[in-house]
Amino acid sequence: MAKNCNTPTPLNNDPYSLKDSLLRHLRYTIGKEFSDKNSRDIYQALTLAVRDRLLEKLLQTEARYQKANAKRLYYLSMEFLIGRSLGTNLINLGIFDACRTALSELGVDIEEVREQETDAALGNGGLGRLAACFLDSLATLDYPGFGYGIHYEYGLFRQEINNGYQKEKPDHWLSKAGPLQIERKDESCIIPLYGRIEHGVDLNGAYNPMWMDWRVLVGVPHDIPIAGYGGTTVNYLRLYAAKPSSDFDIQIFNAGDYFRAVEQKIASETVSKILYPSDTVVFGKELRLVQEYFLVACSLRDITRRYLKTHESFDAFPDCVNIQMNDTHPALTVAELMRILIDEESVDWDTAWNITQKTLAYTNHTLLAEALEKWPVSLFEHVLPRHLQIIFEINRRFLDGITELWPDDTDRLRRMSLIEEEPEKQVRMAHLAIAGSHSVNGVSALHTELVKTSLVPDFYARWPERFNNKTNGITPRRWLLKSNPLLSDLLTEVVGDAWITDLGKLRDLEPYADDPVCISQFRKIKQVNKERLIQTIYDTTHIKINPQSMFDIQAKRIHEYKRQLLNVMRIVHEYFRIVEDGVTPVVPKTCIFAGKAAPGYWAAKQIIKLIHNVGSVINKDRRVHDTLKVVFIPDYRVSLAEKMIPAAELSEQISTAGTEASGTGNMKFALNGALTIGTLDGANVEMQEEFGADNIYIFGLKTAELLEMKQSGAYRPLDNYHQDDNIRRVMDAFWDNRFCPHEPGLFRWIYHLLLEKGDPYFHIADFPSYCQTHERIGQEYQQISLWNQKSILNVARIGKFSSDRTIHEYARDIWNLRPVHP
């Protein structure tokens, strides 16, 4: 066969070829001789060599999609917490061992090179990590699925601890990022903002509003290749950076106002400067709304541009495109797609609305009112006047339909309206997303049921067929194959490597759960991972840890509903049992925390301070010695999670029942052999069903019981305080400055909140059950064979919680998306 002269010679992946690629990039891209290189140079050159191979596969993948005329899925999310990419790319492309050999021949340690990479700070917590897992699964399963987000220059923040207090430092991750991204200036898009509406009529006398005098932003796309396992499919994550319409507004510049021109340039670039600016002030609130529109507008401009390359009308748009809105942040997609269809493409309203609903789908991620976004109408009118008009018209037609079904039910109209009238007129973004989508899904069975019965029951009554559950999942490539190579090797040795792309194959591990050899190997691997985390803890906190202690870990965003406070209360109780009651713990325990508090969330930041103060007292008390330690590891991020999760033996998933949508940390810990202590909340319910009640530690009141207590007013935490000596001793310690002798009164807010202000997250109610369950855990941890048998069964029965299963269900039930195999 004649060689295509327009295509370069395919790249080889043997050690010699990889070494040659690395050395070429070191000399011709970075401009250094090998003798002058440092570890950072090698990291940059290796990343470029890997990027060459990713791009080769990406172009082949795109050609395959085009040949198949494949329907495409676009996943819109404000967050993509992808962490570090080099190791994942080496594994998924199947070249990790070849790269290690190539580097070894150059006298370079691959782990030292990997440590040069910084985490991509493109997300905050579970929402962004879920999106990253989904991208991995889409590519691994050969689905034409692509992520769309914002190219943040700064992440949420870098967390430092000063005297126990969280201090937020800028996380300028982009300045240290490797050369993996591909900037595509030629595909930039123009985004209008602000301006005014000029009311007019068209040639037929129909109302024809004109959006005038808008300010322009330019969205510049940056693509990050996403390799599926096996390397045959490479999709991309497209992130948009905001730039001014030109480097300077030339009219302002020519008028002599140089400083105003610079000011406009800076203001434009602020849009993609930082993840989640504080919305506690007017400017921050406006910037967040602009960010969300910027994401939506850039994404839709790119999606429609690609579609119109091969189509002359939008009739087939829903057959070629599906857009998934990850939470309410991208809900403006509804209004923006309607605007494009009506204003730019002259599609009539009914047809445009039909196209919009068939194209869009919405995932709800929360039952908390604070996360269901609402935007003041006045702000909307200022920033997006045309979109507000469209939303008003959507709402008018929507409410007309509700009135036809439920005449004279004004309360229902008020509850369902897209506009909240009191105390301030606001646009309800969740309502907009539900009205404009053909599918609304929750992320665990319990959460979905609560969405239907508690959060938006009126919408469920109107469209029961739209509501469905898609329980979250995690990618085993990142959270086991990459994070825990020793355990991965053991599993492959015992059951084969099919589990990497079919996690259900780990069921074959069950017969080995009571095998002494398997248990011994499993224990040794856990101990090695514990020793690695011990070193990380010492390097970051200078606290020495007993390697024989049980590692009890709660690592997640700090929030009252996640109940880090309940964990601390239990630790204080165990401390008093040692120093006041003379009880020797049955097992030594290291209680490890990690997580960030939102900068404006006072209570969460105070909980971090409490953890440090309690830890300081306990860790210095010689009566405790090594039987109890408390540690807070700062700056929780993906790369730190990859060290913490494999070392965990007990996973704390203790949110108040009915508050956590799903959780994915619970799945990651279980995949790595940690046993779970948790409430029947989120995906814990389904984990209990999969693992068996004997292999998970469930405590606390159920959702229905808590709801009954709320509605009846029967919950009186002060009564519990007077009736339970353990509760009283712990709460009195917060009152009498036991843990804040140099800052009197610092923790009295906890006493007031839990005993006098109703304890909104039921810490006091669940405290006795939580402590009793921990006592049982201590007893069973001593029984080495029993504990490890349970751990192995957790790993064996985790298959349901793969993001591969979740993506298959989305593709089948919501997107009507088919894989395009090579």
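This tour proceeds through a predicted model, one selection at a time.

**Stop 1: strand S1 and its neighbours**

Begin by selecting strand S1, residues 72–76. Five of the five residues in this strand are buried, so strand S1 is largely enclosed by the rest of the structure. Side chains in a regular strand alternate between the two faces of the sheet. Colour Arg 72, Tyr 74 and Leu 76 to mark one side of S1, then Leu 73 and Tyr 75 to mark the other; both faces are covered.

Next, add the strands that pair with S1. Strand S11 (residues 321–326) pairs with S1 in the parallel sense, over five bridges. To find the register of this pairing, locate Tyr 75, which stands opposite Gln 324 in S11. Strand S2 (residues 145–150) also runs parallel to S1, joined to it by four bridges. Here the residues to select are Leu 76 and, opposite it, Tyr 148 in S2.

**Stop 2: helices H6 and H33**

Select helix H6 (residues 126–140) together with helix H33 (803–815). Two packed helices are described by the angle between their axes and the distance between the axes. For H6 and H33 the angle is about 75° and the axes are 9 Å apart. Because the range from 65 to 115 degrees counts as roughly perpendicular, H6 is roughly perpendicular to H33.

Show the side chains where the two helices meet. On H6, the contact is made by Cys 133, Phe 134, Ser 137 and Leu 138; on H33, it is made by Ser 803, Asp 804, Thr 806, Ile 807, Tyr 810 and Trp 815. These contact residues divide into six nonpolar, three polar and one charged.

Now move to the segment after H33, where Asn 816 is found. Its phi is near 50°, a positive value in a residue other than glycine. Is Asn 816 buried or partly exposed? At 46% relative accessibility, Asn 816 counts as partly exposed.

**Stop 3: a second asparagine with positive phi**

Select Asn 737, in the loop between helix H29 (725–735) and helix H30 (748–756). Phi of Asn 737 is near 70°, again a positive value in a residue other than glycine. Asn 737 has a relative accessibility of 18% and therefore counts as buried, the cut-off for that term being under 20%.

**Stop 4: strand S16 between two partners**

Select strand S16, residues 439–442. Ser 439 and Asn 441 point one way from S16, while Val 440 and Gly 442 point the other way; all are buried. Strand S12 (residues 360–363) pairs with S16 in the parallel sense over three bridges, and Ala 361 stands opposite Ser 439 in S16. Strand S17 (residues 467–469) is also paired with S16 in the parallel sense, over three bridges. In that pairing, Asn 441 stands opposite Asn 468 in S17.

**Stop 5: a cis peptide bond**

Select Glu 422 and Pro 423, which are joined by a cis peptide bond with omega of about 0°. Pro 423 is found in the loop between strand S14 (419–420) and strand S15 (426–428).

**Stop 6: helices H14 and H32**

Select helix H14, residues 385–405. At 1.5 Å a residue, its 21 residues should span 30 Å; the end C-alpha atoms are 31 Å apart, which agrees. Among the buried residues of H14 are Ile 390, Ile 391, Ile 394, Phe 398, Leu 399 and Ile 402. Residues three or four places apart in an α-helix point the same way, because there are 3.6 residues a turn.

Then select helix H32, residues 784–796. This helix has 13 residues and reaches 18 Å from its first C-alpha to its last, close to the 18 Å expected. Buried residues in H32 include Trp 787, Asn 788, Lys 790 and Ile 792.

**Stop 7: a sheet of six strands**

Finish with the open sheet whose six strands follow the order S20-S19-S18-S21-S22-S23, with parallel pairing. Which strands lie at its edges? Strand S20 (628–632) and strand S23 (697–698) do, each pairing on one side only.

Zoom in on strand S19 (residues 589–594), which runs parallel to S20 and is joined to it by five bridges. Phe 593 stands opposite Phe 632 in S20. Finally, add helix H23 (residues 602–620), which lies across S19 and S20 and runs at about 145° to S20.

Methods: Residues are numbered from 1 along each chain as its sequence is written. This is a predicted model: local features need pLDDT of at least 70, side-chain atom pairs count only at pLDDT 80 or more; totals for chains, interfaces and linings use all residues. Side-chain values use heavy atoms; hydrogens and water are left out. Two strands pair if DSSP finds at least two bridges between them. Contact means heavy atoms within 4.5 Å. Axes are lines fitted to C-alpha atoms, for helices over the stretch in contact, and angles run from 0 to 180 degrees between N-to-C directions. Buried means under 20% relative accessible area, exposed over 50%, partly exposed in between (1.4 Å probe, protein chains only). The expected span of a helix is 1.5 Å times one less than its number of residues. Angles under 35 degrees count as roughly parallel, over 145 as roughly antiparallel, 65 to 115 as roughly perpendicular and the rest as oblique. Ala, Val, Leu, Ile, Met, Phe, Trp, Tyr, Cys and Pro count as nonpolar, Asp, Glu, Lys and Arg as charged, and the others, Gly among them, as polar.
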